[in-house]
Amino acid sequence: MDGLLNVHKPSGITSFEVVRRVRQLSGERRVGHGGTLDPLATGVLPVALGQGTRVLEFLERTTKTYRGAIRLGITTDTDDAEGRVLAERSPEAVSLDALEKALSRFRGRIQQAPPRYSALKRAGIPAYKMARAGEEVILEPRTVDVLRLDLLAFESPLAVVEVECGRGTYIRALARDLGEALGCGAHLQALVRRRVGPFALEDAISLEDLAQTFREGRAGDVLEPLDCILLHLAAAILGPEKVGAVRNGQGVTFPTDDVQQCRAYSTEGQLVALLRQEGQLWRPYKVFAS
């Protein structure tokens with residue numbers, strides 16, 4: 001069973017639990033997900049089965065869209081509603097104008113320190129485990145891209161924002177930093193991921209409906225093909241001789257435009273490999289089983 005699922009993760013369970021359930025439903029051993037969602041968060045969680053796990057890396061390079069409710073005035077140790085309250089300050093002085101001005105500081109390419117309670121590792125240990133053990137955790141700021149940050153609603157103490165961002169952006173950290181910029185503190189109260197690359201929330205399937213689909217033997221109705229996240233790459237169709245060469249790891253030649261990577265298909269329309277141009281040859285760097 002090879003492909004990708006657009007799963008609507010519910011609140012209260014981990015992304016790994018979703019993977020476990022899909023593995024159990026499908027009977028497929030190779031199952032992975034494209035981008036962790038915190039237990040509190042809901043929304044789009046791409047799940048790959050079989051050879052789909054080999055293309056998940058391409059999802060990491062796509063943008064993601066989130067809608068979050070930020071609670072002003074309360075700071076927590078996890079930067080979200082699941083954490084321990086560290087401080088409370090009145091947000092009454094925060095006006096709509098002040099909020100809009102503060103948000104403008106977090107658009108574009110910014111520096112962001114990840115939350116202490118995150119899966120990032122220090123000396124091989126996840127930061128959240130160190131934090132839970134009472135150890136001091138210092139995660140250096142890193143560059144992230146916030147392509148869009150819109151204020152959808154504001155009724156103190158809640159601000160609802162929609163964020164389109166690149167890889168490595170933490171919406172929890174954005175909420176935390178916004179609170180610091182406003183001088184009242186803040187945390188992320190709720191979060192919905194609305195899009196990951198080509199996967200949109202309105203097309204996502206719930207775990208309950210997914211279980212029913214598998215029970216009825218209709219998994220093919222919701223399983224997206226491997227190349228659904230590869231369409232940004234050029235495509236080439238190879239004859240049987242070149243397909244055989246590529247499957248054996250050999251380079252091939254064919255006319256091409258000015259591109260460096262491409263998808264290679266057989267004349268029957270099957271995805272054979274991903275190729276990279278090296279000199280005069282196109283060499284396979286991912287070959288998919290027939």
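**Exercise 1. Find how much space the largest cavity holds, and work out what surrounds it.**

Solution. Keep in mind that this is a predicted model.
- Start with the volume: the largest cavity holds about 40 Å³ of space.
- Next, check the count. With a cut-off of 30 Å³ or more, there is one cavity.
- Now look at the walls. The lining is made up of Asp38, Leu40, Ala41, Asp80, Arg172, Leu188 and Leu191.
- Finally, sort these residues by class: four are nonpolar, three are charged and none is polar.

**Exercise 2. Describe the largest pocket and say which elements help line it.**

Solution.
- The volume comes to about 1200 Å³.
- There are 37 lining residues, and those closest to the pocket's centre are Thr36, Leu37, Asp38, Ala119 and Tyr170.
- Which elements give two or more residues to this lining? On the helix side you'll find H1 (15-26), H2 (56-60), H4 (127-132) and H5 (171-182), and they are joined by strands S4 (64-72) and S12 (186-196).
- Sorted by class, the pocket lining has 15 nonpolar residues, eleven polar ones and eleven charged ones.
- Did you spot a familiar name? Asp38 lines the largest cavity and is also among the residues closest to the centre of the largest pocket.

**Exercise 3. Work out what the side chain of Arg263 reaches, given that it has no salt bridge.**

Solution.
- Locate the residue first: Arg263 sits in strand S16, which covers residues 261-266.
- Arg263 is buried, and the nearest side chain of opposite charge belongs to Asp227, 4.5 Å away.
- A salt bridge needs the charged atoms within 4 Å. Arg263 has none.
- What does the side chain reach instead? Go to the backbone oxygen of Leu233, at 2.8 Å.

**Exercise 4. Track down two backbone oddities, at Asp79 and at the bond from Ser156 to Pro157.**

Solution.
- Begin with the usual picture: most residues other than glycine have a negative phi, and most peptide bonds are trans.
- Asp79 isn't a glycine, but its phi is positive, about 70°.
- You'll find Asp79 in the loop between strands S5 (74-76) and S6 (85-88).
- Is Asp79 buried or exposed? It counts as buried, because its relative accessibility is 5% and the cut-off is under 20%.
- Now for the bond: from Ser156 to Pro157 the peptide is cis, with omega near 10°.
- Pro157 lies in the loop between strands S10 (142-155) and S11 (158-165).

**Exercise 5. Sketch the whole protein in a few numbers.**

Solution.
- Count the elements: seven helices and 18 strands.
- Take the span: the C-alpha trace covers about 70 × 45 × 40 Å along its principal axes.
- Then check burial: 48% of the 290 residues count as buried.

Methods: Residues numbered from 1 in each chain as written. Predicted model: local features only at pLDDT ≥ 70, side-chain atom pairs only at ≥ 80, totals over all residues. Heavy atoms only, no water. 1 Å grid on protein atoms, 1.4 Å probe; cavity = no way out; pocket = protein on both sides within 12 Å on 5 of 7 lines; lining within 4 Å. Points joined across faces, edges and corners; volume = space filled by probe spheres on them. Nonpolar A, V, L, I, M, F, W, Y, C, P; charged D, E, K, R; others polar. Helix = DSSP H or I, 4+ residues; strand = E, 2+ residues; numbered from the N terminus. Buried < 20%, exposed > 50% of the residue type's maximum accessible area, 1.4 Å probe, protein only. Lys, Arg positive; Asp, Glu negative; His and termini not counted. Polar contact = N/O pair within 3.5 Å; in protein donor to acceptor, adjacent residues only side chain to side chain.
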